[in-house]
Amino acid sequence: MALPDDLILNAADEVAIRQHLLLVSLGKQPADRAIEVGRLLAVHANHWLENQEIIVYGRRIAYVGPIGSYRGEVAERVRYPHLSAVPGFGEVHKHIESTHLTPEFEAALVIPRGNTWTCEASHEFANVSGSKNTEFWQKARLAGSPLKVFIQPGSAVPPSAWEESGGYYGYDEQKQFLRDDLSVTGLDEVMDWPSVWDPTNPGYARMWGMIRATFEMRGVVEGHGSGLIDPHDISAFAAAGLSSDHEVWSLDEAWDRLMRGLFTELRPFSYDAIIPGLLERGLKDWSNIAFTTDDRSASDTLRDGASDHNVRHAIHYGLAPEIAIQCATINPARHMRIDQWVGSVTPGRYADIVLLDDVPTVSIAHVYADGILSSEGKTFTGPAPKLDWPEWATRTMNIGRTLAAADFVIPAEPGRTTMTAAILRPFHWNEDFLTEELPVVDGAVQRDPARLITKWSLIDRYRGDGAVAAMFWTGCGPEDPDTALACSVAHDSHNVWCIGSSDAAMAKAVNHLQSIDGGWVLVHRGEIVAQVRLEIAGLMTARPAEAFDADMQAFLKRANDVTWMYQPAAMNRWKPGFPEFLIFATLTCSPWRWVLVAPSKLAPNGFVNVQTGETHKIVW
């Protein structure tokens, strides 16, 4: 009998696979491979086993025991007597789109760095093409990619009731995702906190519909508690059924969440404060903690690493290697209720094995994924499918028309020589917006470069009406004349943003961005001087990491020729120079308040307080 290919999980295939696998475990059917290792970390017990053999059939593990103990037939044996085996590392919460690579090239980048499975926090691509989300994430796997992607449909589709995007998920959609696909683990980070606690919020019914569907299908509801520090807020967050939080910045935040039963997902930039602090407070049980990458570009991954970096970084700050490995393997797998497939080197699981030549430094010699040798050092040697991505993935820039400088003009009231303007800056979390008096020339309100005031815009790229929202902005942007920067990566609705010193330069940048199907475009002194093409959903590219990185480094080099505004008081922790971080300045989740979104029914001019729903004029 031909067995299923075991690429995409479904209940019928799972039964057939396990019925045969148990016969291999018993030695009644032959195995494909025995992998002998010097020692193996049993993560359930946090215990090293010496001189072990891992028996593999197909993509799964059939047996684990002392070398020579398996009583069945094995087609081949490979021996690594000097290496230590640990489970393939997993990502409990990651936006693969932030790598800017499609899944087949993501696999080639992260598998040699130990990452063999990922819980894809899927509201990036879903906001571009919501109806195709599952198909997109399964396409590479169905073609043979060894990276396992567990899908978490996004609660933030759209991110707030005041935004419109290329997707819409509610009760019906979420229930179907969980009913039809075992690889769907639950509901991606619930970010729009006002739509959870406030019954008058226009997103309340949609959000609770998705939560209800997830409860009904026994899925996991992931949280996003940025800015929630009051114990009442944290208690309400947990009481709502939100099971986790990765927006943890300080030791006290981590401790408060652990004490209230929240699964705490730590990002590397907070390890220096949190890990030594938890050790000092005597935390004995780390099983409610996992490490998460969240967002990391291919360029940063090439430099720092993937999941291996997270583990290595935690060890650097004092965590025992064995516990650090648990935080990247069994802990996230258990939390996501997928530990019957991943998270340990044990029978029934996928044969994902990281072979270390030095455990404390997480030095990786080889990685097996799906039972196949998939890396030699940092070189990927596993299956690399060639995909022809369809137009629903490649033609997503539906601005619908050619924009002109007039589309970015902010008109003044007749007869006025100055106007009061609302002004925002990057990551402006204050209760109110800033205001300044700005000059009027030829009936249009003007920028004021002397006060570091430029113009910022969001352009709808889904409806085809070319709607533009524009306002004034401080803190960063190009100082040089006729210069603009445009990008189609705009968390989380991923409309187009553009910042510029002239309206004509802004129009030129956005128009060129349409023509290349998304990415980055830089106009300097009236000329298009640099671009990076992200032709898949305007978020990713179907190229190797090294090729993308080369293009990005060339873009950044050209961007260094631009004089960029910098206002330290407005920029907080961001450095001077090219403002790549603006891809996150369009977020509308907590703790954001006043934001600019692309024009929508509930926010016609785009300027809205996402906590209260209040709108306001741009100028008056």
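Of the 142 residues in the largest nonpolar core of this structure, Phe291, Trp497 and Trp520 touch the most other members. The largest share of this core, 6 residues, comes from helix H17. The structure is a predicted model. A search of the whole of it finds 38 salt bridges, and several of these are described below together with H17 and one hairpin.

**The nonpolar cores**

- Not counting residues up to four places away in sequence, the contacts of Trp497 include Trp456, Leu458, Leu485, Val489, Leu582 and Ile583.
- Trp520 is also one of the residues that Trp497 touches, and both belong to the trio with the most contacts to other core members.
- Apart from this core lies another, of 18 residues, with Ala484, Val496, Met506 and Ala507 among them.

**Helix H17**

- H17 covers residues 545-559, which makes 15 residues.
- From its first C-alpha to its last, H17 reaches 21 Å, close to the 21 Å expected at 1.5 Å a residue.
- The buried residues in H17 are Ala545, Phe548, Asp549, Met552, Phe555, Leu556 and Ala559.
- These buried residues lie on the same side of H17, because they cover an arc of only 125° around the axis.
- An α-helix has 3.6 residues a turn, so residues three or four places apart point the same way.
- Glu546 and Lys557, on the other side of H17, are exposed.
- The buried residues of H17 pack against two helices, H2 (103-110) and H11 (298-304).
- They also pack against strands S23 (484-487), S25 (519-524), S26 (527-533) and S27 (564-566).

**The hairpin of S2 and S3**

- Strand S2 (residues 47-57) and strand S3 (residues 60-66) run antiparallel and are joined by 6 bridges.
- Val56 stands opposite Ile61 in S3.
- The hairpin has 2 residues between its strands, and Gly58 takes a positive phi near 60°.

**Salt bridges**

- Side chains of opposite charge can pair when their charged atoms come close.
- Glu14 forms a salt bridge with Arg60, and their closest N and O atoms are 2.8 Å apart.
- Glu14 lies in helix H1 (residues 11-25) and Arg60 in strand S3, so this pair ties together parts that are 46 residues apart in sequence.
- Glu14 is buried, with a relative accessible area of 9%, and Arg60 is buried as well, with a value of 1%.
- Lys175 forms a salt bridge with Glu216, the closest N and O atoms being 3.0 Å apart.
- Lys175 belongs to helix H5 (residues 171-180) and Glu216 to helix H7 (residues 204-216), so the pair ties together parts that are 41 residues apart in sequence.
- Lys175 counts as partly exposed at 25% relative accessibility, and Glu216 is partly exposed with a relative accessible area of 34%.
- Asp503 forms a salt bridge with Arg447, with 2.8 Å between the closest N and O atoms.
- This pair links distant parts of the chain, 56 residues apart: Asp503 is in helix H16 (residues 503-515), while Arg447 is in the loop between strand S19 (444-445) and strand S20 (453-459).
- Asp503 and Arg447 are both buried.
- Arg59, Arg141, Lys148, Asp352 and Asp370 are joined into one network by salt bridges that share partners.

Note on methods:
Residues numbered from 1 in each chain as written. Predicted model: local features only at pLDDT ≥ 70, side-chain atom pairs only at ≥ 80, totals over all residues. Heavy atoms only, no water. Helix = DSSP H or I, 4+ residues; strand = E, 2+ residues; numbered from the N terminus. Expected span 1.5 Å × (residues − 1). Buried < 20%, exposed > 50% of the residue type's maximum accessible area, 1.4 Å probe, protein only. Arc of directions from axis to C-beta. Contact = heavy atoms within 4.5 Å. Pairing = 2+ DSSP bridges. Salt bridge = Lys/Arg side-chain N within 4 Å of Asp/Glu carboxyl O. Core = buried A, V, L, I, M, F, W, Y, C linked by side-chain atoms within 4.5 Å.
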